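Dear colleague,

Here is the structure that I promised to hand over, with the sequence beside it. Please have it open while you read, as my notes on what was found come below.

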Amino acid sequence: MNGQRFFLLCGLLVVMAGWAVAVPARAGGEEAAAIRQVMAQQAAAWNRGDVANYMRGYKDAPDTTFVGSKVRKGYRTILDGYRKHYATAQQMGRLTFSELDVRLLPGTDGEVRYAAVTGRFHLDRAAHGEVAQDDGVFSLLWEKTADGWKIILDHTS
């Protein structure tokens, strides 16, 4: 009977260890899915020519940063830059994201508060404003806020 109890206890520990590993992975999958959902909403807003709703994916803060041909700091500055460089729906075109890689960044307490996302973008458009580039790569630093996942640093080239 002692041998049976020992194997039963070992089996129970293996199952519990599996649950402990599966729960964070599932939670991580939900967090990554939430970020992908924000990006899908951004692309949909962009494709409607709606820069204001596209910007809802960014944190509305003075230290939110966009790095492109130059560094822009602050939500309003980034919004104004998008409006200037993509003044019409034809200049905005159709935005698609690809090769997305979402990496969740847990703190020392194990809580995920930040994420790094890399990928590619493509603009299918007939008209160009000040920005002639239609394809490129990006890296985004996201912060989990009370309002959901928000971009705090965007480096696009």
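Two strands are said to pair if DSSP finds at least two bridges between them. With that in mind, look at strands S3 and S4 (residues 112-124) of this predicted model, which run antiparallel and are joined by eleven bridges. One of the links to S4 starts from Asp 101, whose bridge partner there is Thr 118.

Both strands belong to an open sheet of six strands with mixed pairing, and the order across the sheet is S2-S1-S6-S5-S4-S3. Strand S2 (71-73) and strand S3 (94-106) are the edge strands, each of them pairing on one side only. On average, and with direction ignored, neighbouring strands of this sheet are turned by 25° against each other.

Helix H3 (residues 75-85) packs on the sheet, where it touches strand S1 (65-67), S2 and strand S6 (148-156), and its direction makes about 125° with that of S2. Which residues of H3 are buried? They are Tyr 75, Ile 78, Leu 79, Gly 81, Tyr 82 and His 85. Because these residues cover an arc of only 160° around the axis, they lie on the same side of H3. Arg 76 and Lys 84, on the other side of H3, are exposed.

A word on confidence: the pLDDT averages 85 over the protein, and 81% of the residues score at least 70. Please read residues 2-27 with care, since the pLDDT there is below 50, and beyond near neighbours in sequence this stretch has one contact in the model.

With best wishes

How values were computed:
Residues are numbered from 1 along each chain as its sequence is written. This is a predicted model: local features need pLDDT of at least 70, side-chain atom pairs count only at pLDDT 80 or more; totals for chains, interfaces and linings use all residues. Side-chain values use heavy atoms; hydrogens and water are left out. Helices (H or I, at least four residues) and strands (E, at least two) are DSSP runs, numbered from the N terminus. Axes are lines fitted to C-alpha atoms, for helices over the stretch in contact, and angles run from 0 to 180 degrees between N-to-C directions. Contact means heavy atoms within 4.5 Å. Buried means under 20% relative accessible area, exposed over 50%, partly exposed in between (1.4 Å probe, protein chains only). The arc is that of the directions from the helix axis to the C-beta atoms. pLDDT is the predictor's confidence in each residue, from 0 to 100.
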